[in-house]
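Subject: Structure for you to look over

Dear colleague,

I am handing over the structure we spoke about, and it would be good if you could open it before reading on. My notes follow below it, arranged by topic.

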Amino acid sequence: MICAAEPQRRVTGVVLAGGRGQRMDGRDKGLLLREGRTLAERQLEALRPQVDALMISANRNLDHYAGFGAEVVRDAQPGFAGPLAGIAAAARQARSAWIACVPCDTLALPADLVARLLDAAQDAGRDAAYAQDVDGPQYVVCALRTTLAGALAQAAASPRRAVRDFLHARGAVAVPFAGWRCANLNTPEALAC
């Protein structure tokens, strides 16, 4: 756990698993197996030592996700509204000052991911930060203050609901992680590697 004694640093780790899985033939990506464990479980395991609480953003198979020992939250909007909707739902539900979000299909997270995102945001006096790997910005790997819940909900309900646009509008800080390559498992072929 990081900084449990400091309320302004309390953080909920959020695994975003609410997508429709179009590039995975409509399968629920968070429940796909890799080396005997679901992608969602792998992300929860990676986040657990870095955060004070855990949450999964999902829009189907809610009972299955609830069995992973994390709070489950679903989007306010119907119809798989995208990652910003999942982030908005998590910010609304979390009982911490911050949320740190990661997609369920992004493996090999840095062990200091959450601390570095929070440090960068707080040092810059900003409400949000996002990771940057060797290939560039990874906007959905981000940390945000939960006080942004209202702004997130409003943005998620708008026609333009890209996480990138929201973060740029808030002046979010880019945090480079030298040597890290964000491994996205977006296709059955990538999952099989």
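To begin with the interior: which residues of the largest nonpolar core touch the most other members? Please keep in mind throughout that this is a predicted model. The core in question has 35 residues, and the ones that touch the most other members are Ile56, Tyr65, Leu113 and Leu117. Several elements give two or more residues to this core, among them strand S1 (11-17), helix H1 (39-47), strand S4 (53-58) and strand S6 (98-103), and the largest share, six residues, comes from H4. For Leu113, leaving aside residues up to four places away in sequence, the residues touched are Gln50, Val102, Ala131, Val141 and Phe177. Apart from this core lies another, of 28 residues, which includes Ala94, Cys101, Ala128 and Ala149.

The chain as a whole

The chain has seven helices and 11 strands, and 52% of its 193 residues count as buried. Among the contacts between residues at least 6 apart in sequence, 71% join residues that are at least 24 apart. The accessible surface of the chain comes to about 8,700 Å², and 50% of that surface belongs to carbon and sulfur atoms.

The sheet

Seven strands form an open sheet with mixed pairing, and their order is S5-S4-S1-S6-S9-S8-S10. Strand S5 (71-73) and S10 stand at the edges with a single partner strand each, so one side of each is left without a neighbour in the sheet. On average, and with direction ignored, neighbouring strands of this sheet are turned by 30° against each other.

Within the sheet, S1 and S6 pair in the parallel sense over six bridges, and Leu16 stands opposite Pro103 in S6. Helix H1 packs on the sheet, where it touches S1, S4 and S6, and the direction of H1 makes about 160° with that of S1.

Towards the edge formed by S10, four bridges join S8 to S10, and these two strands run parallel; Tyr130 stands opposite Ala174 in S10. The side chains along S10 alternate, with Val173 and Val175 pointing to one face and buried, whereas Ala174 and Pro176 point to the other face and are not buried.

Helix H5

Which residues of helix H5 (residues 149-156) are buried? They are Ala149, Leu152, Ala155 and Ala156. These residues lie on the same side of H5, because they cover an arc of only 130° around the axis. The buried residues of H5 pack against helix H3 (83-93), S9 and helix H6 (163-169), while the face turned away from the buried side carries the exposed residues Gly150 and Gln154. Ala149 thus appears twice in these notes, as a buried residue of H5 and as one of the residues of the 28-residue core.

Two loop residues and the start of H2

Two residues deserve a separate look for their backbone angles. Most residues other than glycine have a negative phi. Asn61, in the loop between S4 and H2, has a phi near 55°, which is a positive value in a residue other than glycine. Ala108, in the loop between strand S7 (106-107) and H4, also has a positive value, with a phi near 60°. Is Ala108 buried or exposed? With a relative accessibility of 53%, Ala108 counts as exposed, while Asn61, with a relative accessible area of 39%, is partly exposed.

Leu62 belongs to helix H2 (residues 62-66), and with a relative accessible area of 26% Leu62 is partly exposed. Leaving aside residues up to four places away in sequence, Leu62 touches Val72 and Arg74. Leu62 and Val72 are 10 residues apart along the chain, and their C-alpha atoms are separated by 6.9 Å.

With best wishes

Conventions
Residues are numbered from 1 along each chain as its sequence is written. This is a predicted model: local features need pLDDT of at least 70, side-chain atom pairs count only at pLDDT 80 or more; totals for chains, interfaces and linings use all residues. Side-chain values use heavy atoms; hydrogens and water are left out. Buried means under 20% relative accessible area, exposed over 50%, partly exposed in between (1.4 Å probe, protein chains only). Contact means heavy atoms within 4.5 Å. A nonpolar core is a set of buried Ala, Val, Leu, Ile, Met, Phe, Trp, Tyr and Cys residues joined through side-chain atoms within 4.5 Å. Accessible areas come from the Shrake-Rupley method with a 1.4 Å probe; for residues, only the protein chains shown count as cover. Two strands pair if DSSP finds at least two bridges between them. The arc is that of the directions from the helix axis to the C-beta atoms. Axes are lines fitted to C-alpha atoms, for helices over the stretch in contact, and angles run from 0 to 180 degrees between N-to-C directions.
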